[in-house]
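This report walks through one protein model, from a central strand out to the overall dimensions. Please keep the structure open while reading.

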Amino acid sequence: MTSLDAAISLSPHAMAAENRGFDPLIGRKLVAGVESGLLPHLHVVLAERGGETILESYGRGPDESWGKSLGEVEFDAGTLHDLRSVTKSVVSLLYGIALERGLVPTVDAPILNAFEDYSDLASDPERVKRTIEHALTMTLGLEWDESKPYTDPRNSEIAMELAEDRYRFILERPIVDAPGTKWTYSGGATALIGEIIQRGTGRSLPEFATEVLFDPLGIERFEWAAGRDGTHSPASGLRLTAPDLLKIGRLVLNNGTWEGRRVVPEAWIRASHMPHIRTADMLDYGYFWFLGKAPVAALGGPTDWIAGFGNGGQRLWICPKADVATVIYSGNYNNWNAWIPPTRIWIEIILANLKAA
């Protein structure tokens, strides 16, 4: 194990990297990026191709759990870490599983049909036009603003957490756009989907996830943060180890199967990764998954990727054509430039060093 900068260490996987078509010096290139200062705040970088680890590094640094300081943490393969909004992508998988079992509405159903306790809102024909799919694609057309820091009660997600009734708070937001026409980042949309799962299955999110997703993948340890009312956060509350999140990446690469067992319906995987709307950052968006392209010389040029993004630089990157999945954990929370290091690792370290298709 080689020290990078006294804050991160690299596990040797050069032979596996070369066998899987990567430059065997990929790890050294990560070292160079860290030493240059271009890749700060890294906690974990873990990548695999074809089910074999090709890059693995663990760091040390300050961390937090849902905004609460954990102090200085030495990270390793067994360390739980906030996924933040990568949680949303996991919740998408859970909805697909529940849908196949007939426990939740189809995506074209009005979302208010699942919240019969708000019949007053359902009397508004414009609100009834908002469907499950509009929530999954963050195109509900309701007022929502998460541009302010997550320490600011004016941030809509924080205001939701502080509200007496979080679901009414979301559903009665002023209508600002026709549904399906504009993407607005919304933890509220995910909160609605999470609650529909809970109502339909009769289980809490952690209970349902354990039964249908975590147990099949051999994920034995996790945490799921809850608000002051005890509601587990579908938008940002899940904590997993990096190897366990990488299993979810492999599950997606295998179109919903794990070790020959069907876990997530293949049709849901495909529907989730269809571009439904363009985001403010000019990426495409599926069902709680970001979609984009990156140059991959070994694959002939721009190549599709799928990703879950989380505050602070948390990433689950997936490139189906390359059969590559990558997990990045970082500690750059609430910083506007937290997206830069994980993006550089994905494009300039992982994909750029793939030498064989």
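How many of the seven residues of strand β16 (residues 324–330) are buried? Seven of the seven are buried, and the strand is mostly covered. This is a predicted model, and every value below is computed from it.

## Strand β16 and its partners

Cover on β16 comes from both faces. On one side sit Val324, Thr326, Ile328 and Ser330, and these are buried. On the other side sit Ala325, Val327 and Tyr329, and these are buried too.

β16 pairs with β3 and runs antiparallel to it. Seven bridges join the two strands. Within this pairing, Leu46 stands opposite Val327 of β16.

β16 also pairs with strand β15 (residues 314–319). This pairing is antiparallel as well, and it runs over five bridges. Here Ile318 stands opposite Ala325 of β16. β15 and β16 form a hairpin, with four residues between them. Asp323 lies in that turn and has a positive phi of about 60°.

Strands of a sheet pair through backbone hydrogen bonds, either parallel or antiparallel.

## Val45 in strand β3

Val45 belongs to strand β3, which spans residues 42–49. Which residues does Val45 touch, beyond those up to four places away in sequence? They are Leu30, Leu55, Glu56, Ser57, Val327 and Ile345. Val327 is a residue of β16, on the face it shares with Ala325 and Tyr329. Along the chain, Val45 and Val327 are 282 residues apart. Their C-alpha atoms are separated by 5.9 Å. Val45 has a relative accessible area of 0%, so it counts as buried.

## A three-strand sheet

Another group of strands forms an open sheet in the order β6-β8-β7, with antiparallel pairing. Its edge strands are β6 (81–82) and β7 (223–224), and each pairs on one side only. β6 is joined to strand β8 (residues 238–240) by two bridges, and the two run antiparallel. One bridge partnership links Asp82 with Arg239 of β8.

Arg84 lies in the loop between β6 and α3 (86–100). Arg84 is not a glycine, yet its phi is positive, at about 50°.

## Positive phi and burial in the loops

His41 also has a positive phi, near 65°, and is a residue other than glycine. His41 sits in the loop between α2 (26–35) and β3. Is His41 buried or partly exposed? His41 counts as partly exposed, because its relative accessibility is 43%. Arg84 is buried, because its relative accessible area is 7%.

## Two further sites

His134 is found in helix α6 (residues 132–136). Setting aside neighbours within four places in sequence, His134 is in contact with Lys129, Thr139, Leu140, Pro179 and Gly180. Its relative accessible area of 14% is under the 20% cut-off for buried, so His134 counts as buried.

Ser69 is located in strand β5 (residues 68–74). Beyond neighbours within four places in sequence, Ser69 is in contact with Asp63 and Glu64. Ser69 is exposed, because its relative accessible area is 64%.

The five residues are listed here with their accessibility.

| Residue | Relative accessible area | Class |
|---|---|---|
| Val45 | 0% | buried |
| Arg84 | 7% | buried |
| His134 | 14% | buried |
| His41 | 43% | partly exposed |
| Ser69 | 64% | exposed |

## The whole chain

The protein has 13 helices and 16 strands. Its C-alpha atoms fill a box of roughly 60 × 40 × 35 Å along the principal axes. Why does the radius of gyration agree with a compact globule? With 357 residues, such a globule would have a radius near 21 Å, and the protein has 20 Å.

Of the 357 residues, 58% are buried. Take the contacts between residues at least 6 apart in sequence: 63% of them join residues at least 24 apart.

The protein exposes about 14400 Å². Carbon and sulfur atoms supply 52% of that area. The side chains include 34 positive and 46 negative ones. The centres of these two sets lie 3 Å apart.

Definitions and conventions:
Residues numbered from 1 in each chain as written. Predicted model: local features only at pLDDT ≥ 70, side-chain atom pairs only at ≥ 80, totals over all residues. Heavy atoms only, no water. Rg over C-alpha atoms; globule rule 2.2 N^0.38 Å. Buried < 20%, exposed > 50% of the residue type's maximum accessible area, 1.4 Å probe, protein only. Contact = heavy atoms within 4.5 Å. Areas by Shrake-Rupley, 256 points an atom, 1.4 Å probe, with all protein chains shown as cover. Lys, Arg positive; Asp, Glu negative; His and termini not counted. Charge placed at Lys NZ, Arg CZ, Asp CG, Glu CD. Pairing = 2+ DSSP bridges.
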